[in-house]
Amino acid sequence: MKILLVDGIKSKSSMVNLGLGFLAQYIRRKFPVTIISLAYHDPENIVDASKNFDVIGFSCITEQYKDCLAVARKLKEKCPSKPIVFGGVHPTATYKTIIFKPEIDYICIGEGEVSIMKLLQYFDGSLNISEVPGLAYIDSNGELSVNAPVFIDNLDEIGMPSWDLLERDVTSDTRNVLTARGCPYRCTYCYNSTLRKMSHFTYRRRGVESVIEECKLLKCEGTKYISFSDDLFLTDRDWISKFAGMYNQEIDISFGCASRPEMVLRRIDSLCELQAAGLKDVWIGIESGNEKIRKEILNRKMSNDEIL
């Protein structure tokens with residue numbers, strides 16, 4: 001059974017869909033998989049390429065959803081019996097409505113590694129559909145059926161993303177790396193809050209050694225700057241300290257990461273360690289200049305003084 005994963009991003013970039021990279025790494029142990037991006041292929045090419053695959057998956061955020069749906073519609077017109085699976089932040093948040101779209105057969109809710117692997121086992125007849133976690137689908141009565149999602153506690157079980165399958169701007173010397181999933185905070189507008197409401201979704205982080213091995217790979221490819229894509233990088237002082245030491249010795253290229261105003265104030269020691277290892281940029285989201293809006297609506301508790 002051959003799997004085609006379609007990345008909904010339409011603009012060419014040095015930043016890649018790491019979620020698809022991890023997903024491909026996980027399922028390629030048992031099934032051959034290919035990733036193709038809307039940034040590098042027009043819809044007709046993707047429809048034509050899909051003829052050589054048994055299952056088609058789409059990964060999208062909200063701004064990419066309509067484009068992915070349009071491609072899925074063309075696929076259904078050509079191959080109406082071929083299963084089409086949607087996943088990603090937008091399908092996870094809106095599965096109750098978009099599952100009724102005729103272009104979509106299944107939706108993977110939350111993190112897709114276990115869901116898609118089990119779904120493929122369902123397709124080959126070795127599992128019942130009720131045994132596929134994190135799946136939304138229409139049952140034989142025409143009703144929405146939802147299996148509760150599961151999350152992999154030890155991210156090192158997945159391995160590093162399949163960089164050999166990810167299409168990207170080869171002229172850029174910048175790459176993105178993800179060391180963790182989730183966030184310990186509970187901002188109301190964030191996808192992490194949506195996932196936390198569904199199941200035992202928690203903050204988890206890869207081992208330092210796994211992250212360093214990925215950075216080594218990217219450095220060997222000519223990467224000169226790494227953008228760490230974690231929602232919040234400055235968590236866990238022990239992890240940061242170990243990472244900074246290994247990164248400084250074995251990688252030694254510039255990097256940037258995201259944090260929060262109050263965490264920067266509390267983690268000056270960690271920032272100094274990271275700066276010595278090559279940290280050049282820290283991205284901080286303010287979201288609103290109004291403290292009342294931040295605290296009462298957005299659930300972001302930092303004060304104006306902490307921001308300033």
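**Salt bridges and nonpolar cores in a predicted model**

Mentor: E213 forms a salt bridge with K216 (a side-chain nitrogen of Lys or Arg within 4 Å of a carboxyl oxygen of Asp or Glu), and the closest N and O atoms of E213 and K216 are 3.3 Å apart. This is a predicted model, in which local features need pLDDT of at least 70 and side-chain atom pairs count only at pLDDT 80 or more, while totals for chains, interfaces and linings use all residues. Residues are numbered from 1 along each chain as its sequence is written, and side-chain values use heavy atoms, with hydrogens and water left out.

Trainee: What separates E213 and K216 in helix α7?

Mentor: Helices here are DSSP runs of H or I with at least four residues, numbered from the N terminus, and helix α7 covers residues 208–220. Because E213 and K216 are 3 residues apart in helix α7, what separates them is about one helical turn.

Trainee: Is E213 buried, exposed or partly exposed?

Mentor: Buried means under 20% relative accessible area, exposed over 50%, and partly exposed in between, with a 1.4 Å probe and protein chains only. The relative accessible area of E213 is 41%, so E213 is partly exposed.

Trainee: Which residue forms a salt bridge with E209, and in which helix does that partner lie?

Mentor: The closest N and O atoms of this salt bridge are 2.6 Å apart, and the partner of E209 is K242. The pair links distant parts of the chain, 33 residues apart, with E209 in helix α7 and K242 in helix α8 (residues 237–250). The partner is therefore K242, which is partly exposed at a relative accessible area of 40%, and its helix is α8.

Trainee: Are R260 and E262 buried or exposed?

Mentor: R260 and E262 form a salt bridge whose closest N and O atoms are 2.8 Å apart. As for their accessibility, both R260 and E262 are buried.

Trainee: Which helix gives the largest share of the largest nonpolar core?

Mentor: A nonpolar core is a set of buried Ala, Val, Leu, Ile, Met, Phe, Trp, Tyr and Cys residues joined through side-chain atoms within 4.5 Å. The largest one has 61 residues, of which L5, F228, F243, Y247, F255 and L274 touch the most other members. Its largest share, 7 residues, comes from residues 18–27, that is, from helix α1.

Trainee: How many residues does the second, separate core have?

Mentor: Among the members of this second core are Y65, I99, I104 and A136. Its count of residues is 25.

Technical notes
Helices (H or I, at least four residues) and strands (E, at least two) are DSSP runs, numbered from the N terminus.
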